[in-house]
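Reader: I have a model open on my screen and would like to learn how to read it. Could you walk me through its features?

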Amino acid sequence: MANDPMNLTELVRQVRERLALEASLGVTDLILPKPPPEPAVLPWPATQNAPRPPAPQRPAAPLSPEAQKKAEALSVLEKEAAKCKRCGLCDSRTHLVFGVGNPDARLMFVGEAPGADEDRLGEPFVGRAGQLLTRIITQGMKMQRADVYIANILKCRPPGNRPPAATEMVLCKEHLLKQIDIIRPATIVALGAVALNGLTDGNYSISRARGQFLLWRGLKLMPTFHPAYLLRNPSAKREVWEDIKKVLDALKELSL
Ligand code: SF4
């Protein structure tokens, strides 16, 4: 009831929260109300110019016995993948980029292939596009990167960031399918057309397929734009946010 001051306060709080989330993803065509001015704080002279301490991170929770088993199975699989010579990409890579995150994750993100930063560091989605994906997870979804699992279809970088060849994806997908079978997430977000079509052996247009769950291998697969596309087309962030909200709703439903 709008006349009920308690409900009105709650409504305002929810609208503010929603606007702040959209703004964090770069959806800026709505104007946020100015926050109230922060109370003046007089710092100690010694700390006046001190760098801000890092934001507090939730300490990693100890793994459950089930998660521990999954972590061990993933570690065995990673060692197998490190020896893989099925396609020529192992010859030009610096590091295998196997995957990272919670071995017992309910949500998994899948991209197409490592880029230069990922190849250098051995971790998926750590370049500019990866930083945007991290903001979607932390600021938009209010989760931590370590809560989800992130991987690519290809485990080795195609030279010069060329698109993965169809044969490379077929040969490498077996590693990813085994990863998915170990983790058994409830939902996968396919980032971009290459990831979507590589996973499903389909021929989808990402613009048409995004935003609708597909049932794939018994789990919910949400196609959406790749973060690298969002860097080139920031206006598409609104559509990705709509897709991500559906993923959050599905995760909530699945936990009921
Ligand atoms: S890209 Fe995949 S299939 Fe090719 S060598 Fe690397 S791990 Fe093996």
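**Reading the sheet, a helix and the ligand shell**

Author: Happily! This is a predicted model, and its open sheet has six strands in the order β1-β3-β2-β4-β6-β5, with mixed pairing. The edge strands, each pairing on one side only, are β1 (100-101) and β5.

Reader: In which sense do β2 and β3 pair?

Author: Strands of a sheet pair through backbone hydrogen bonds, in either a parallel or an antiparallel way. Here β2 and β3 (residues 149-152) are parallel, with four bridges. Valine 110 stands opposite alanine 151 of β3.

Reader: Which strands does helix α10 touch?

Author: Helix α10 (residues 237-254) packs on the sheet and touches β2, β4 and β6. Its direction makes about 165° with that of β6.

Reader: Now for α7: how many of its residues are buried?

Author: In an α-helix there are 3.6 residues a turn, so residues three or four places apart point the same way. In α7 (residues 193-200), seven of the eight residues are buried, among them Val194, Leu196 and Leu199. The buried residues pack against elements including α6 (166-183), β4 (187-191) and β6 (219-224). After α7 comes aspartate 201, with a positive phi near 55°.

Reader: And which residues come nearest to the ligand?

Author: Of the 14 residues around the ligand, the nearest are Cys84, Cys87, Cys90, Cys156 and Cys172. Two elements, α3 (89-92) and α6, give two or more residues to this shell; α6 gives the most, with four. By class, the shell has nine nonpolar, one polar and four charged residues.

How values were computed
Residues numbered from 1 in each chain as written. Predicted model: local features only at pLDDT ≥ 70, side-chain atom pairs only at ≥ 80, totals over all residues. Buried ≥ 20, exposed ≤ 12 C-beta atoms within 10 Å, placed from the backbone. Contact = placed C-beta atoms within 7 Å. Near = placed C-beta within 6 Å. Nonpolar A, V, L, I, M, F, W, Y, C, P; charged D, E, K, R; others polar. Pairing = 2+ DSSP bridges. Axes fitted to C-alpha atoms, helices over the stretch in contact; angles between N-to-C directions.
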